[in-house]
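Please look over the sequence and the fold below before reading on. The paragraphs that follow lead from a loop, through a pair of strands, to a core and the segment beyond it.

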Amino acid sequence: MAQRPPLHRPQGYRLKREGGRGPRNPEVAKVHNSVRWQRLRAAKRASNPTCEDPFAMHESSGRVVLADQVHHIVPIARDPSRAFDMDNLMCVCRACHERLERGEQPKRVQEGGGGRKCS
Ligand SMILES: [Zn+2]
């Protein structure tokens, strides 16, 4: 396993802020803390329990990986109106979600209208 390089933090960096991942858009926190989001996320995961494999890394290893996270394809911070849009959600495993959150571009781009969907 590759180890991530240690994060460089400026002096006085507050770890506990908004879940320890640095400053967050309050809109994002509001969505994540809402009952509506908890329900939608549960429904999404129930409809598709496996990782959508955006980087095609599970496919190449021939494994099916359970999704334990739900990712916003268009980030809430960019378009809060799509925060609860089922079509804007993607079921992913932790490893894929971390890559997405780091800004890596998925190999599979979900395009609107009749593309590959959770079944
Ligand atoms: Zn995955």
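A residue is called exposed if 12 or fewer other C-beta atoms lie within 10 Å of its own, buried if 20 or more do, and partly exposed in between, with the C-beta atoms placed from the backbone. The model to which these counts are applied here is a predicted one.

By that rule A56 is exposed, because 11 other C-beta atoms lie within 10 Å of its own. A56 sits in the loop between helix 2 and helix 3, that is, between a helix spanning residues 35–47 and another spanning 57–61, and D53 belongs to this loop as well. D53, however, is buried, because its count within 10 Å is 23 other C-beta atoms. The backbone of this loop deserves attention too, since most residues other than glycine have a negative phi. The phi of D53, by contrast, is positive, near 60 degrees, and that of A56 is also positive, near 55 degrees.

From the loop we can turn to the strands. Strand 1, residues 69–72, and strand 2 run antiparallel to one another and pair over four bridges, with H71 standing opposite M90 of strand 2. In a regular strand the side chains alternate between the two faces of the sheet. In strand 2, residues 89–92, both faces are covered, since L89 and C91 on one side and M90 and V92 on the other are all buried. Apart from its neighbours within four places in sequence, L89 is in contact with K44, V70, H71 and H72.

Which residues make up the largest nonpolar core? It consists of eight residues, namely C51, A67, L89, M90, C91, V92, C96 and L100. Strand 2 and helix 4 each contribute at least two residues to this core, and the largest share, four residues, comes from strand 2.

The segment after helix 4, a helix that covers residues 94–101, holds P106. With its neighbours within four places in sequence left aside, P106 is in contact with P54, F55 and L100, and L100 is one of the residues of the largest nonpolar core. P106 also lies 8.8 Å from D53, C-alpha to C-alpha, although the two are 53 residues apart in sequence. P106 itself is partly exposed, because 18 other C-beta atoms fall within 10 Å of its own, whereas D53 is buried.

Conventions
Residues numbered from 1 in each chain as written. Predicted model: local features only at pLDDT ≥ 70, side-chain atom pairs only at ≥ 80, totals over all residues. Contact = placed C-beta atoms within 7 Å. Pairing = 2+ DSSP bridges. Core = buried A, V, L, I, M, F, W, Y, C linked by C-beta atoms within 7 Å.
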